[in-house]
Amino acid sequence: MADLPSTRTAEAPLRSVRRALSPAATTHELWAGVHLSEFDPTQGLEQLAIRAQRFTPRVSLAPPDGLLLEVAGSLHLFAGVTGLRHELTEECLRLRLRPVLAFAPTPLAALTAARAGQPLVVTDLAQLVGQLAPLPLDALHWPEETRARLARAGVRTIGAVLRLPRAGFARRFGVAQLAMLDALIGRTHDLRKAFQAPLRFRRRRELDCELSDQGRLHAELVPLIGALGAFLTARQCGVMELECRFVHRHASPTRCVLTLAAPCSDEHQLAALFGERLNALQLPAPVRACELRADQLMPQLLSGRCLWQPGEHGGEAAEQSGGLIDRLRARLGPEAVYGLGLRQEHRPEGAWMTTPPPPAAARRVACARATDTPCEAAPPERPLWLLPAPQPLAAQNGLPRRRGLLRLVSEPERIETGWWDGGEVARDYYIAIDPRGVRLWVFRERAAPHGWFLHGIFG
Amino acid sequence: MVVGDPKIARLLEHPAIWRGRSAAQRSGLSTGFAALDEYLPDRGWPRTGLIEILVSRFGSGELTLLVPALAALTRAAAARWCVWVAPPLVPFAPALVSCGVVLDRVAVVGGARPLWAFEQTLGSGACDAVLGWVRQVKPHDVRRLQLATERGRTLGVLFRPRRAAREASPAVLRLSVEPLAAGVRLTILKGRSARRDTLDLHWPGS
């Protein structure tokens with residue numbers, strides 16, 4: 001146990017330990033600074049930050065015109081600095097931004113080099129000061145007054161300012177500027193706030209001319225859906241509800257809501273579903289703009305794929321079920337697909353309910369329970385079909401008629417309940433057979449007119 | 001030349017020759033009624049393919065005939081869905097449960113365009129069985145449905161009125177169902193077997 005302290009220092013890769021020893025710990029980091037010129041600062045920077053998250057999770061904004069990415073861990077995935085620079089430039093060009101990229105071990109150095117228009121690549125902290133020295137001071141974005149005073153003293157480059165005595169510099173130009181210089185060359189740590197992508201998607205597109213043709217509207221929507229797809233992929237999320245608003249000149253906007261069965265991020269699938277919905281949509285007036293909104297994102301769970309095809313022994317159909325529900329709902333409306341459920345209720349019309357569509361994968365627990373139920377005491381026979389509402393039947397000699405006189409073939413089953421909630425029923429149910437041999441479920445009201453009603457068909 | 005002739009026997013071994021009797025060896029999905037299993041060509045409902053059930057009146061017992069097989073399908077370990085497309089009335093959940101159907105696997109598709117929904121559902125691969133009530137079906141529609149069942153490896157059941165028996169149909173099995181006092185009378189109108197006699201099937205326990 002005597003060598004305990006030495007092992008701790010030797011083995012510990014802990015930054016905290018090394019940080020305490022020397023600030024050179026930052027050599028483990030490599031920052032890419034992106035400087036953008038001539039762009040729309042409100043949208044461009046955030047969009048680029050969202051897209052840049054595919055390179056590294058550590059992206060931070062440096063408003064108004066810069067973006068920082070910590071890429072040391074990602075270099076091997078993009079064939080080094082050269083490959084990464086290429087990919088990053090491509091990403092900027094896709095957003096019609098013209099970037100200057102610089103790589104340096106400290107964030108401020110990378111950003112400063114990029115702002116100075118120098119595409120530097122410095123991977124070693126020891127070389128940093130030498131590389132930064134010729135850069136002009138303007139790139140540090142110091143206050144105009146400070147820069148003017150330094151210029152009067154003949155200090156115009158970063159190299160020159162770094163040669164000034166620290167105490168005097170702090171006294172004349174402020175502690176903040178000194179701290180910035182320390183961060184620049186890695187003498188202190190420069191903590192950057194990581195960029196968190198917004199968790200909702202809203203994008204609007206103004207149309208060149210007013211459109212009322214669904215097909216052309218769909219074509220206008222496709223880029224928006226493409227942007228949504230990229231947005232979702234970057235966050236590994238999917239949407240379950242998607243809203244599109246069509247803005248008219250005079251009428252209030254038309255809303256078109258797409259509800260999905262499972263989180264989806266595939267832009268082609270979304271576009272196809274929107275096409276279906278658009279075909280069924282009635283537009284009151286031509287559309288001048290459309291806006292796509294996805295407010296709730298769902299984390300998308302990637303599931304393992306089964307060896308078997310669906311339908312083969314053991315093959316489940318999780319993906320197919322979700323797709324099927326979405327296709328049916330897109331064309332037939334959100335209420336078109338539903339599941340069935342039971343309710344503890346004696347009135348037949350209340351003993352069932354519609355539920356959301358059943359889950360894609362079978363639940364083993366449910367299977368076990370269902371096999372147990374038939375073992376219970378034999379319940380009274382119920383028809384497989386229920387009429388949405390009891391249908392009055394004509395009567396003859398006290399017996400119901402339906403395409404001829406019905407023959408009652410069972411003992412009456414009395415259902416008398418519901419006095420507490422206003423839906424009181426008092427009925428005697430019989431199984432009846434009509435002249436053609438169809439088995440029916442009929443009941444007779446116990447109240448005054450003693451009317452006969454058809455309530456189910458055994459099928 | 002007689003059937004027992006070895007030359008003919010060798011000819012008949014050719015894989016492209018399909019004989020009606022050989023179908024009986026394939027295993028279908030048990031209907032839950034022993035007599036019906038004996039009667040049907042595949043010793044049960046086919047696992048893949050479209051069958052047509054023709055009834056003179058809705059509610060003649062055609063659903064009771066199918067429910068035991070549906071119950072077995074929904075109870076299987078990796079059960080897919082059992083979808084009812086455009087049912088004319090409400091499928092009564094308590095009755096289904098008492099027949100052993102797991103409601104967790106049952107979905108209902110209502111609304112307009114039943115033929116389109118039926119084909120989508122059959123072809124999706126998400127269902128073990130699809131029951132469809134479609135009013136107007138033309139022979140080429142039935143052909144599309146039959147192809148969709150093969151795409152989705154699904155049993156499709158199309159319920160049609162009795163008068164459709166006059167039309168040709170590409171379905172693998174066509175059955176006519178008429179009600180009896182406590183059972184049904186079945187006739188195979190088309191199937192991969194030579195049987196054309198009727199079967200009087202009585203419900204168990206009645």
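A crossing of two helices is right-handed if the near helix is turned clockwise from the far one by less than a right angle, and left-handed if anticlockwise. Keep in mind that this is a predicted model.

Q: Are H11(A) and H12(A) roughly parallel or roughly antiparallel?
A: Helix H11 (residues 214-235) of chain A packs against helix H12 (residues 267-280) of chain A at an angle of about 150°, with the axes 9 Å apart. Angles over 145 degrees fall in the antiparallel class. So H11(A) and H12(A) come out as roughly antiparallel.

Q: Is the crossing of H11(A) and H12(A) left-handed or right-handed?
A: Here the sense of turn between the near and the far helix decides, with clockwise giving one hand and anticlockwise the other. For H11(A) and H12(A), the crossing is right-handed.

Q: How do the residues in the contact of H11(A) with H12(A) divide into nonpolar, polar and charged, and how many are charged?
A: On the H11(A) side you'll find A:Leu217, A:Leu221 and A:Ile225, among others, while H12(A) brings residues including A:Glu267, A:Leu270 and A:Phe274. Glu counts as charged, and Gly goes with the polar ones. The split is 8 nonpolar, 6 polar and, for the charged class, 1.

Q: Is B:Leu66 buried or exposed?
A: B:Leu66 lies in helix H3 (residues 62-75) of chain B. Beyond its neighbours within four places in sequence, B:Leu66 is in contact with B:Trp45, B:Ile53, B:Leu131, B:Val157 and B:Phe159. Its relative accessible area is 1%, and the cut-off for this class is under 20%, so B:Leu66 is buried.

Q: How far apart in space are B:Leu66 and B:Thr31, C-alpha to C-alpha?
A: In sequence, B:Leu66 and B:Thr31 are 35 residues apart. In space, C-alpha to C-alpha, the separation is 6.8 Å.

Q: Why is there no bond from the sulfur of A:Cys244 to the closest cysteine sulfur, and which residue holds that sulfur?
A: A disulfide needs the two sulfur atoms within 2.5 Å. For A:Cys244 the distance is 5.4 Å, which is too far for a bond. A search of the whole structure finds 0 disulfides over all chains. The closest cysteine sulfur to that of A:Cys244 sits in A:Cys290.

Q: What does B:Gln146 count as, buried or exposed?
A: B:Gln146 is part of helix H6 (residues 139-152) of chain B. Setting aside neighbours within four places in sequence, B:Gln146 is in contact with B:Gly49, B:Leu50, B:Pro170, B:Ala171 and B:Val172. With 4% relative accessibility, B:Gln146 counts as buried.

Definitions and conventions
Residues are numbered from 1 along each chain as its sequence is written. Chains are lettered from A and ligands numbered from 1 in the order in which they are written. This is a predicted model: local features need pLDDT of at least 70, side-chain atom pairs count only at pLDDT 80 or more; totals for chains, interfaces and linings use all residues. Side-chain values use heavy atoms; hydrogens and water are left out. Axes are lines fitted to C-alpha atoms, for helices over the stretch in contact, and angles run from 0 to 180 degrees between N-to-C directions. Helices (H or I, at least four residues) and strands (E, at least two) are DSSP runs, numbered from the N terminus. Angles under 35 degrees count as roughly parallel, over 145 as roughly antiparallel, 65 to 115 as roughly perpendicular and the rest as oblique. Contact means heavy atoms within 4.5 Å. Buried means under 20% relative accessible area, exposed over 50%, partly exposed in between (1.4 Å probe, protein chains only).
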